[in-house]
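Dear colleague,

Please find below the structure for your review. My findings follow it.

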Amino acid sequence: MRVAIFALFLLAALGYAAWRGGGPERVMAGIAATMVGSDLLLHQFVAPEYAVLDFGHLLIDGFGASATLLLALFAYRFWPMIAAVLHILPLLAHSSRALNLAMDPAAYMVMQVAASWAVPPLLLFATWRHQRRLRTNASYPSWHSSSQRFLRKTAKT
């Protein structure tokens, strides 16, 4: 039941971000959708296993951490830094499992999954703030100006 509640909550956040969000909010929605899609694909071939190091989820969490860290570096927003931390926390779970094979599988599962519950409300709040800022300021940048120069320079090459 909790998985279904989380899925509905995440789906609402992703839809709202895709519909009303700015560039960073939409990128985060894409990152989250990619992670969920990868997780569903992984479970088509491999059952979840928390008694050993879960390499499939390690790869998915590594993608999420690196993608949100890049988002935090380029976006002209504060919330992506929080999202990056939330995506780095599961990597700590994988590190803990690798260092302590005697760790209780339930502890590994909770450490791996718990931070993901904070992503949908963060994305909902970020999208709401974006809409509020648009109403009061009419326009504001989505990306750091240095990242725009970098993107233009790499597009030319």
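The notes below cover one helix, one loop residue and one further position.

This is a predicted model, in which local features need pLDDT of at least 70 and side-chain atom pairs count only at pLDDT 80 or more, while totals for chains, interfaces and linings use all residues. Residues are numbered from 1 along each chain as its sequence is written, and side-chain values use heavy atoms, with hydrogens and water left out.

Helix α4 (helices being DSSP runs of H or I, at least four residues, numbered from the N terminus) comprises 21 residues, 79-99. Its first and last C-alpha atoms lie 31 Å apart, close to the 30 Å expected at 1.5 Å a residue (1.5 Å times one less than the number of residues). Buried residues of α4 include W79, L86, H87 and R97, where buried means under 20% relative accessible area, exposed over 50% and partly exposed in between, with a 1.4 Å probe and protein chains only. The elements covering the buried residues of α4 include α2, α3, α5 and α6, contact meaning heavy atoms within 4.5 Å.

R77 sits in the loop between α3 and α4 and is buried, at 8% relative accessible area. Its side chain makes polar contacts of 3.2 Å with the side chains of H130 and Y140; such a contact is a pair of N or O atoms within 3.5 Å, where within protein one must be able to donate a hydrogen and the other to accept it, and residues adjacent in sequence count only if both atoms are side-chain atoms.

A106, in helix α5, is partly exposed at 42%.

Kind regards

Note on methods:
Helix = DSSP H or I, 4+ residues; strand = E, 2+ residues; numbered from the N terminus.
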